[in-house]
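Open your viewer and put the model on screen. This tour goes from one selection to the next, with a short note on what to look for at each stop.

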Amino acid sequence: MVKVTIDGIEVSVEPGTTILNAARQIGGDAVPPAMCYYSKLPGTGGKCRTCLVEVAAGSAADPRPLPKLVASCSTPVQDGMVVNNKTSERVHNNRGGVVEFLLANHPLDCPICDQAGECHLQDLGYEHGSAKTRYEEDRRTFDPIDIGNKIKLHMNRCILCYRCVFVANQLTDKRVHGVLHRGEHAEISTYIQEAVENDFSGNMIDVCPVGALTDRTFRFKSRVWFLKPMEAERSCTKCCGKAVVWMFGNEIYRVTARKDKYGEVEAIDQKTAWLCNDCRFEKKDASEWNILGPRVINRQSVIAQGKYATTIDKPVKRIG
Amino acid sequence: MESLTNRKKVVSDKPMTFVEKLYIPAILKGMMVTFKHILKRRKTVKYPEETREFAPIYRGMHVLKRDEQGRENCTACGLCAVACPAEAITMTSAERTKDQAHLYREEKYAVTYEINMLRCIFCGLCEEACPKEAVFLTDRLVPTQFERGEFIYGKDKLVEPADSRIDITKRQFTGKRTHV
């Protein structure tokens, strides 16, 4: 076990743990935000630069500070390392710059985006973004593409986190989409408008931190804050069948996987509860689900708006 | 109990004097008050013929604005409904088709947009929440009705007609919005 201090809080973790995961063991404000790292998908991380932290002391053996900020999602801890995240002015300024870069080509069409209300870029922009844009050039634009009859790709909104590519690589047997071109021209594509047809392809909607990949069966149906997230399960031969159904009255508007406070799909019985496309897109009848009860929502979230009943109804379980 | 202020008047019931019994001085005194008011400017208006000027930020019946090209500004983002403390606003949205591009400004639009004027408290939070400068409160009054259902205003009553625009320049946000 190695000891690491993050924002003045000491924690001992397994050797080889990344700074981000050590911070998540502390929780609260010590956790850097992450747009591309996804703990359930090995190999992700190191792309978005939102999780950069300041290392004030490299290790007990060599306590010199690291000259540059490091990506906490891909830097393993050293014994005696001292890390500053929330407490560092430098990290805060840098994160503002990163948000500005991520938003350089982002269309800011939150009023029409289905992800609004549960978008990580929205949260990040709210916390670190500036009120005004300095960007004067035209944003790069793409037409929305249907990839299959269930998923819509808005390349305008994409921040190139590569999470969906890792989902395709790790959950499906044949990946048909990826990132084309390089640098400024990079884009997510299936190249020849090929449909993404796989039982688990719908999970790329869940891992997408922005509204680039959205559910076509839920497209423009409602806003997430008007819906009531309920925990539900059904017996499914392909997946675990444990999901969150988003209801309006007695109607199911959409089905998503259960996500934890970092926006990642929860692990249930040591296994990540990915959903199959059958459960996600086809089962929209309330009689097909065994509805367990309301999902706990963070009180600060817009999704908790106007849901007075959640404090009275006993939620299924408490997150964090 | 001891009085808290000195504004209390003590009523006396002592018998009236001869001059007081004539009532003439009292009548003249009363008429003086009346005649003084003839010379004063009238404070009331003859309502249906004449109406009072509204304050520039008067909050009356809502309008859903169109842009310069006559397309509806509303994208059914739901922020007015979530901001509404009286839960008076409901809406359903849909995706714009290619041939509707001249009708709606963005790719999503409100199919139905209803404000229940009986619930509405005219607080103006909806217009403050609107990111698309679509909903505004105007100086028009909500007329009385005989049926409760007639107070649920749909898009037919709320969207401004393309040929007779409703002026809201007085209450429009003066600063330039930073986002597009």
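Which residue stands opposite Leu52(A) in S4(A)? Select Leu52(A) and look across: the residue facing it is Ala71(A). Before moving on, a word on conventions: residues are numbered from 1 along each chain as its sequence is written, and chains are lettered from A and ligands numbered from 1 in the order in which they are written. This is a predicted model, in which local features need pLDDT of at least 70, side-chain atom pairs count only at pLDDT 80 or more, and totals for chains, interfaces and linings use all residues.

**Stop 1: around S3 of chain A**

Select residues 52–57 of chain A, which are strand S3, and residues 70–71, which are strand S4. The two run antiparallel and are joined by two bridges. Strands here are DSSP runs of E with at least two residues, helices are runs of H or I with at least four, and both are numbered from the N terminus. Two strands pair if DSSP finds at least two bridges between them.

Now add residues 81–84, strand S5 of chain A, which pairs with S3(A) in the antiparallel sense over three bridges. For one of the bridge pairs, show Ala57(A) with its partner Val82(A) in S5(A).

Just along the chain is Ser88(A), in the loop between S5 and helix H2 (89–103) of chain A. Draw a C-alpha to C-alpha distance from Ser88(A) to Val53(A): the two are 8.2 Å apart in space and 35 residues apart in sequence. Why does Ser88(A) count as partly exposed? Because 19 C-beta neighbours lie inside 10 Å of Ser88(A). The classes work like this: a residue is buried if 20 or more other C-beta atoms (placed from the backbone) lie within 10 Å of its own, exposed if 12 or fewer, and partly exposed in between.

**Stop 2: the hairpin of S1 and S2**

Go to residues 2–6 and 9–13 of chain A, strands S1 and S2, which pair in the antiparallel sense over five bridges. Val2(A) has Val13(A) as its bridge partner in S2(A). Two residues lie between the strands of this hairpin, and Asp7(A) takes a positive phi near 50°.

**Stop 3: the domains of chain A**

Color chain A by domain: domain 1 is 2–91, domain 2 is 105–132 + 140–215, and domain 3 is 224–311. These bounds come from an automatic or database domain assignment. The C-alpha centres of domains 2 and 3 of chain A lie 21 Å apart. Their contact takes 13 residues from domain 2 of chain A and 16 residues from domain 3 of chain A, where contact means C-beta atoms, placed from the backbone, within 7 Å.

Next, find the open sheet of four strands in chain A, with the order S13-S12-S11-S16 and antiparallel pairing. Its edge strands are S13 (251–256) and S16 (290–294), each pairing on one side only. Strand S11 (residues 228–233) of chain A is joined to S16(A) by four bridges, and in that pairing Ala232(A) stands opposite Ile291(A).

Zoom out to see chain A whole, with its six helices and 16 strands. Its radius of gyration is 20 Å, which agrees with the value near 20 Å for a compact globule of 320 residues. That radius is taken over C-alpha atoms, and the globule rule is 2.2 Å times the number of residues to the power 0.38. Of the 320 residues of chain A, 42% count as buried.

**Stop 4: chain B**

Show both chains: 14 residues of chain A are in contact with 14 residues of chain B.

Then select chain B alone, with five helices and five strands. Its radius of gyration is 27 Å, well over the 16 Å that the globule rule gives for 180 residues, so chain B is more spread out than a compact globule. The C-alpha atoms of chain B fill a box of roughly 95 × 45 × 40 Å along the principal axes, and 21% of its 180 residues count as buried.

Finish at the open sheet of three strands in chain B, in the order S2-S3-S5 with antiparallel pairing. The edge strands are S2 (89–95) and S5 (152–153) of chain B. Seven bridges join S2(B) to strand S3 (residues 108–116) of chain B, and Ile89(B) stands opposite Ile115(B) there.

Terms used:
Contact = placed C-beta atoms within 7 Å.
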